[in-house]
Amino acid sequence: MTTVSFTRLATVALVTGGFTLAVGNVASMERVSAPDETKVYFISPQDGDTVESPVRIQMGLRGMGIAPAGVEADNTGHHHLLVNKPLDEVDLDTSLPFSDHKRHFGGGQTEGEIELEPGTHTLQLLFMDYRHLSFDPPVTSDKITITVE
Ligand SMILES: [Cu+2]
């Protein structure tokens, strides 16, 4: 008998860039593990780059596939970008909220553009499952620092 009933699920639907993303806001969910060889990484920009806004982000993935948010398929997930947000400030045991600091690419995108103010910014990729929930252990890129002119 499950203790989480459907009536307790609060679902928020957001439309971003033409894609509908659903976030299941559930008190506790079981994180699953990703295949050992899974790697997520920046194709661009690279650590130390000086760029102009909007910044084109290209995201690489090895060892798993990409599926849109809400679509449950084995060994898939979608990209998330932490902008000036340390990983240790992210609650990995719940669905990742949507904010300027936590961007979702829930349509299954592998690239996108973000607007950033001039200055120094940190970026880190976090690959999560169809529920916007981290794998265990989390699948993350190196954190990079870029300068926006
Ligand atoms: Cu997501």
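**Sheet, copper site and salt bridges**

Reader: Over how many bridges do strand 5 (residues 55-62) and strand 9 pair?

Author: Strands are DSSP E runs of at least two residues, numbered from the N terminus. Two of them pair if DSSP finds at least two bridges between them. Strand 5 and strand 9 run antiparallel, and their bridges number four.

Reader: What kind of model is this, and at what pLDDT do side-chain atom pairs count?

Author: Residues are numbered from 1 along each chain as its sequence is written, and side-chain values use heavy atoms, leaving out hydrogens and water. The model is predicted: local features need pLDDT of at least 70, totals for chains, interfaces and linings use all residues, and side-chain atom pairs count only at pLDDT 80 or more.

Reader: Which strands are the edge strands of the sheet in the order 3-5-9?

Author: This open sheet has three strands, with antiparallel pairing. An edge strand here pairs on one side only. That describes strand 3 (39-44) and strand 9 (111-114).

Reader: Which residue in strand 9 is the bridge partner of I57?

Author: Strand 5 and strand 9 are antiparallel partners. Opposite I57, the bridge partner in strand 9 is G112.

Reader: Which residues are the protein donors of the copper ion?

Author: Donors are N, O and S atoms within 2.8 Å of the metal (3.2 Å for Na, K and Ca); water is not among the atoms, so sites may look incomplete. Along the chain the spacing is H-x1-H-x23-H-x27-H. At 2.0 to 2.1 Å from the ion lie H78 (NE2), H80 (NE2), H104 (ND1) and H132 (ND1).

Reader: Why is the arrangement around the copper ion irregular, and what angles do the donor atoms subtend?

Author: Four donors are tetrahedral if all angles lie between 85 and 135 degrees; four are square planar, and six octahedral, if opposite donors are over 155 degrees apart and all others between 65 and 115; anything else is irregular. The arrangement is irregular because the four donor atoms subtend 89 to 153°.

Reader: How many residues apart are H78 and H132?

Author: Both are buried, meaning under 20% relative accessible area (exposed is over 50%, partly exposed in between; 1.4 Å probe, protein chains only). H132 sits in the turn of a hairpin of strand 10 and strand 11, with a positive phi of about 65°. H78 in strand 7 (residues 76-83) and H132 in the loop between strand 10 (119-128) and strand 11 (134-140) link distant parts of the chain, being apart by 54 residues.

Reader: What is the centre-to-centre distance of the aromatic pair F127 and F135?

Author: Rings of Phe, Tyr and Trp (its six-membered ring) pair if their centres lie within 6.5 Å; planes under 30 degrees apart are stacked, over 60 edge-to-face, the rest tilted. The structure holds one aromatic pair. F127 and F135 are stacked, with 15° between the planes and a centre-to-centre distance of 6.2 Å.

Reader: How many residues apart are R31 and D136?

Author: A salt bridge puts a side-chain nitrogen of Lys or Arg within 4 Å of a carboxyl oxygen of Asp or Glu. R31 forms one with D93 (3.0 Å). R31 forms one with D136 too, at 3.6 Å. This pair joins strand 11 to the loop between strand 2 and strand 3, a separation of 105 residues.

Reader: Is K85 buried or exposed?

Author: The side chains of K85 and E89 meet in a salt bridge of 3.4 Å, N to O. E89, at 48% relative accessibility, is partly exposed. K85 has 18%, so it counts as buried.
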